[in-house]
Protein chains: 2
Amino acid sequence: MAEFLSPLVTIDVVILTLREGHLQVLLMRRGAEPFAGSWALPGGYIHPEEDADLDAAARRVLHAKTGVRTPFMEQLQAFGDGQRDPRGWTATFAYFALVASDAMVLKEGANAEEVAWWQIKGKQVETPLAFDHARIVAAAVSRLRSKVEYTSLPAHLLPPKFTLPDLQKVYEQILGRQMDKSAFRKRMAEAAFLEPVTGEKRPASNRPAQLYRIKRGRGTIFFDRTI
Amino acid sequence: MAEFLSPLVTIDVVILTLREGHLQVLLMRRGAEPFAGSWALPGGYIHPEEDADLDAAARRVLHAKTGVRTPFMEQLQAFGDGQRDPRGWTATFAYFALVASDAMVLKEGANAEEVAWWQIKGKQVETPLAFDHARIVAAAVSRLRSKVEYTSLPAHLLPPKFTLPDLQKVYEQILGRQMDKSAFRKRMAEAAFLEPVTGEKRPASNRPAQLYRIKRGRGTIFFDRTI
């Protein structure tokens, strides 16, 4: 019954951030075979003695590579087939995380020679990736963009206090399109997840910009229609 | 390094249908331990020699239990932890399928004594389920309802030709709420995925009802806002 053996499974995390005005993904250059020398998503095996569940395993991988513990993270999709790994039929539980780039310290992994941010162009980076990681990155970028159109998620990429132009810029950078300023302000007011920081304004060239923060206790909220 | 062994993984399929005006889920009574005698989702192991990928494994499980090959099916979520199976740390790739109930023949599985449709009440069935299958059923019902609000998915539960009242009834049964007839007709017209079957009407008590079909080549389409 060798063909009914449980396949090898891994965890991979697509860690996305905004840096220098662009959506970027964290990649590591592999030191070991297979795909030695290629760039790949950070990932690893499940540690049954240590990981309470799949989400905990993904959080452990994220923390080990970035030092970040509490970003937005969710399960993306599982990918499994007989082609993605030359060692045989394998499956990976892919997660995606969205982190503020100033919150992290990059760390090299045991299996990696190098770690770096790569700019997303379209839904890809400009280097071939190990395994089926190119399709996993593409799936994560699609998921992020579809979520961003319907949620307050981008607010979690900003510092605790920010202006509406700051927030609009984050939406625009992730979605890759410009938005109308007054329509954007109207949608944010309707969604009602922000509150002004009383008495605090940021000096600006013409008039001071009001600072806002996410209302207490509000996680990511879902809009009833697209932004 | 025993703690780094790959965990046992399975496939489970939440097969949903509309029968007798209610959303129902296919369950099998387990013949073997663990949870012998309890109802459970149909599922099994991946067969690396036979299954090209995870989706193919889920289609094989679905076909083996129902005889149906081409329903709406997609990956739901992976569930994995040290508690769900008394045998140790396991994970399952859960899928959900939506099938027309007249298209299938129920078959018993090797590990099952009995197979039956169970009515969904809220997001549960009225019997304790094996493993963590109750939470998987709840997740599938949530996913189905959120999809139905934004897609033409329910049209695939009907025979090839149907009336608009037939379609409205399917939406109402899945969502568990009544809908306004004229607003429903307006949304269907805007979504533009149906076409009238020329010259064919179904006799009705007052005037014959126009028959419609899904436009050729249209799979499930996504609406730009909720139904």
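Strands here are DSSP runs of E at least two residues long, numbered from the N terminus, and two of them count as paired if DSSP finds at least two bridges between them. With that in hand, we can walk through this predicted model, starting at a turn in chain A and ending where the two chains meet.

Let us begin with the hairpin. In chain A, β1 and β2 form a hairpin with two residues between them. The two strands run antiparallel and are held in register by four bridges, with A:R19 of β1 finding its bridge partner in A:H22 of β2. The turn itself deserves a look: A:E20 sits in the loop between β1 and β2 of chain A, and its phi is near 55°, a positive value in a residue other than glycine. The relative accessibility of A:E20 is 64%, above the 50% cut-off, so this turn residue counts as exposed.

Now follow β1 back from the turn. This strand covers residues 8-19 of chain A, and 10 of its 12 residues are buried, so β1 is largely enclosed by the rest of the structure. Which other strands does it pair with? One is β6, residues 90-98 of chain A, which runs parallel to β1 and is joined to it by nine bridges. Another is β4, residues 43-44 of chain A, which is antiparallel to β1 and joined to it by two bridges. A:D12 is a handy place to see both pairings: A:D12 stands opposite A:A94 in β6, and A:D12 also stands opposite A:G43 in β4. While you are tracing the strands, it helps to remember that in a regular strand the side chains alternate between the two faces of the sheet.

Next, move along to the loop after β2. Here A:E33 and A:P34 are joined by a cis peptide bond, with omega of about -5°, and A:P34 is placed in the loop between β2 and β3 of chain A. Turning to chain B, a cis peptide bond joins B:E33 and B:P34, again with omega of about -5°, and B:P34 lies in the loop between β2 (22-30) and β3 (39-40) of that chain. In this loop of chain B you will also find B:F35, whose phi is near 65°, a positive value in a residue other than glycine. B:F35 is partly exposed, with a relative accessible area of 30%.

How are the two chains arranged? Chain B can be laid on chain A with an RMSD of 0.0 Å by a turn of 180° and a shift of 0.0 Å along the axis. The two copies are thus related as by a two-fold rotation axis. The contact fits this picture: 100% of the interface residues of chain B are also interface residues in chain A, so the copies meet through the same surface.

Finally, consider what that contact is made of. Chain B contributes 27 residues and chain A contributes 28. About 2300 Å² is buried between them, and carbon and sulfur atoms give 66% of this area. Between the chains there are 10 residue pairs in polar contact, while the count of salt bridges across the interface is zero. On the chain B side, the elements that give two or more residues are β1 (8-19), β5 (72-81) and β6 (90-98). Of these, β5 of chain B gives the most, with six residues.

Note on methods: Residues are numbered from 1 along each chain as its sequence is written. Chains are lettered from A and ligands numbered from 1 in the order in which they are written. This is a predicted model: local features need pLDDT of at least 70, side-chain atom pairs count only at pLDDT 80 or more; totals for chains, interfaces and linings use all residues. Side-chain values use heavy atoms; hydrogens and water are left out. Copies are superposed by least squares on the C-alpha atoms of residues with pLDDT of at least 70 in both. Contact means heavy atoms within 4.5 Å. Buried means under 20% relative accessible area, exposed over 50%, partly exposed in between (1.4 Å probe, protein chains only). Buried area is the accessible area (1.4 Å probe) that two parts lose on being put together, summed over both. A salt bridge is a side-chain nitrogen of Lys or Arg within 4 Å of a carboxyl oxygen of Asp or Glu. A polar contact is a pair of N or O atoms within 3.5 Å; within protein, one must be able to donate a hydrogen and the other to accept it, and residues adjacent in sequence count only if both atoms are side-chain atoms.
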